[in-house]
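Please look over the structure shown here, with attention to its aromatic contacts and its metal site. A short report follows.

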Amino acid sequence: MNTDQRRCYILYMFKSFSRRGLFQAAPLGAAAAFLAPQHATAQEQPSAIPSLKFDIESQTHFKNEAGSANEATVAEFPISQSIAGVSMRLKPGAIRELHWHALAAEWAYMIEGRVRTTVVMPNGQSAIDEFGPGDTWYFPRGHGHLLQGLGPGEAHFLLGFDNGHFSEFGTFSITDWITNTPPEIASRVLNLPASVLAKFPKKEVYIGPGEVPKTILEEFRLSSSQTSQFAHKYRLDMQPPHVFEGGMEYIVQQKDFPIQTTFTAAKMILQPGALREMHWHPHADEWQYYLSGQARMTVFGSHGRIRTEEYKKGNVGFCPQGYGHYIEQMGDQPTELLILFNHPEFQEISLANWLGGNPSSLLSANFGIPQDAIDKLPKKERGIIRRS
Ligand SMILES: [Fe+2]
Ligand SMILES: [Fe+2]
């Protein structure tokens, strides 16, 4: 990035934050500090890596009798410029009203309970789907949609958006639009008399109560006999996982789920004592949500900069594109996390593969260690290494 490009980028970030009125809230400082090391000269002291952790589940951003929503945008989690997240809960029958997102596509993973969705596409077609634990959805940017809790019990799901500046509380909702449209226009478009329009909500509903639908799709007795992929739905937990000696990973890329054009999604399970080995992702940021258990992630950001964070259930984590990292499992119970990469194709380079892809003599010269030590180095990735 040359000086002009850098200036433009910083100006863009300044405008982005200013638009949201966040300039006083310090994220610009954190973002600028994060940028600086990319351009630091040998004489400059690079800034530390900013926080890579946010406790989304301990927030109370929205809550009413029908549901709740907590979010992680650049306002709460400045390092994540590329991905925002929301933890949402809907009571049985509750409706997240008809809305669309101008700035971001929406991905979701069902953690508990069941949800029905409707979505309208630009070609005029609509779809209706139902989701249970382990299922994901993807609605492209701008596609209108609605969510409804099906019960029994509360539905809890994680939403991911492919823009860190996206806020769940700034969506384009149908009630917001209609109530702010002149009655004579709304009357002509909706074919309703003014007396009926007067009964519409006076402000955006966002999440409101509703009746549980009378008919709910019944699961097959043998759940694996149901197809894993629909137009907007992908059953992540029904996929055969990649199994490693210390855990496993379910992963879905665009090649598996064509509509998912801006994300790769994964669920990783680390067995007690496991180590997700040293690696980096060449073209994607990594955004995490910890479903259960505990872990410690350490990130390497050049210039000798290292940052370690500890995570537990309900925490969000982040590793910038290209930054080296590893994850140590903690505690007696397995650790489960959801991961979003902001690229439709998964790419990773493992340190072990890199070492395997070099002649011994070069490594010996680079590290200053003898051949017998070089012989002990790994040659191939192990993904998740088991307890030693
Ligand atoms: Fe949405
Ligand atoms: Fe990673």
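## Aromatic contacts and the iron site

In this predicted model, Phe 169 counts as partly exposed because its relative accessibility is 36%. Tyr 206, in contrast, has a relative accessibility of 6% and therefore counts as buried. By the ring-pair rule the count comes to 14 aromatic pairs, and one of them is formed by Phe 169 and Tyr 206, which meet edge-to-face at 5.6 Å centre to centre with 65 degrees between the planes. This pair links distant parts of the chain, 37 residues apart, since Phe 169 belongs to the loop between strand S11 (155-161) and strand S12 (172-173), while Tyr 206 belongs to the loop between helix H5 (194-197) and strand S13 (207-208).

Elsewhere, ring pairs join Phe 131, Trp 137, Phe 139 and Phe 157 into a cluster. Phe 131 also has a lysine over its face, and the table lists the two rings over which Lys 233 lies.

| Charge | Ring | Distance from the ring centre |
|---|---|---|
| Lys 233 | Phe 131 | 5.4 Å |
| Lys 233 | Phe 230 | 4.9 Å |

The iron ion (ligand 1) has as its protein donors His 99 (NE2), His 101 (NE2), Glu 106 (OE) and His 145 (NE2), which lie 1.9 to 2.1 Å from it. The arrangement is irregular because the 4 donor atoms subtend angles of 84 to 171 degrees around the iron ion. In sequence, the donor residues follow the spacing H-x1-H-x4-E-x38-H. His 99, in strand S5 (residues 95-100), and His 145, in strand S10 (residues 144-149), link distant parts of the chain, being 46 residues apart, and both His 99 and His 145 are buried.

Note on methods
Residues are numbered from 1 along each chain as its sequence is written. Chains are lettered from A and ligands numbered from 1 in the order in which they are written. This is a predicted model: local features need pLDDT of at least 70, side-chain atom pairs count only at pLDDT 80 or more; totals for chains, interfaces and linings use all residues. Side-chain values use heavy atoms; hydrogens and water are left out. Donors are N, O and S atoms within 2.8 Å of the metal (3.2 Å for Na, K and Ca); water is not among the atoms, so sites may look incomplete. Four donors count as tetrahedral if all angles lie between 85 and 135 degrees; four count as square planar and six as octahedral if opposite donors are over 155 degrees apart and all others between 65 and 115; anything else is irregular. Helices (H or I, at least four residues) and strands (E, at least two) are DSSP runs, numbered from the N terminus. Buried means under 20% relative accessible area, exposed over 50%, partly exposed in between (1.4 Å probe, protein chains only). Rings of Phe, Tyr and Trp (its six-membered ring) pair if their centres lie within 6.5 Å; planes under 30 degrees apart count as stacked, over 60 as edge-to-face and the rest as tilted. A charge sits over a ring if NZ of Lys or CZ of Arg is within 6 Å of the ring centre and within 35 degrees of the ring normal.
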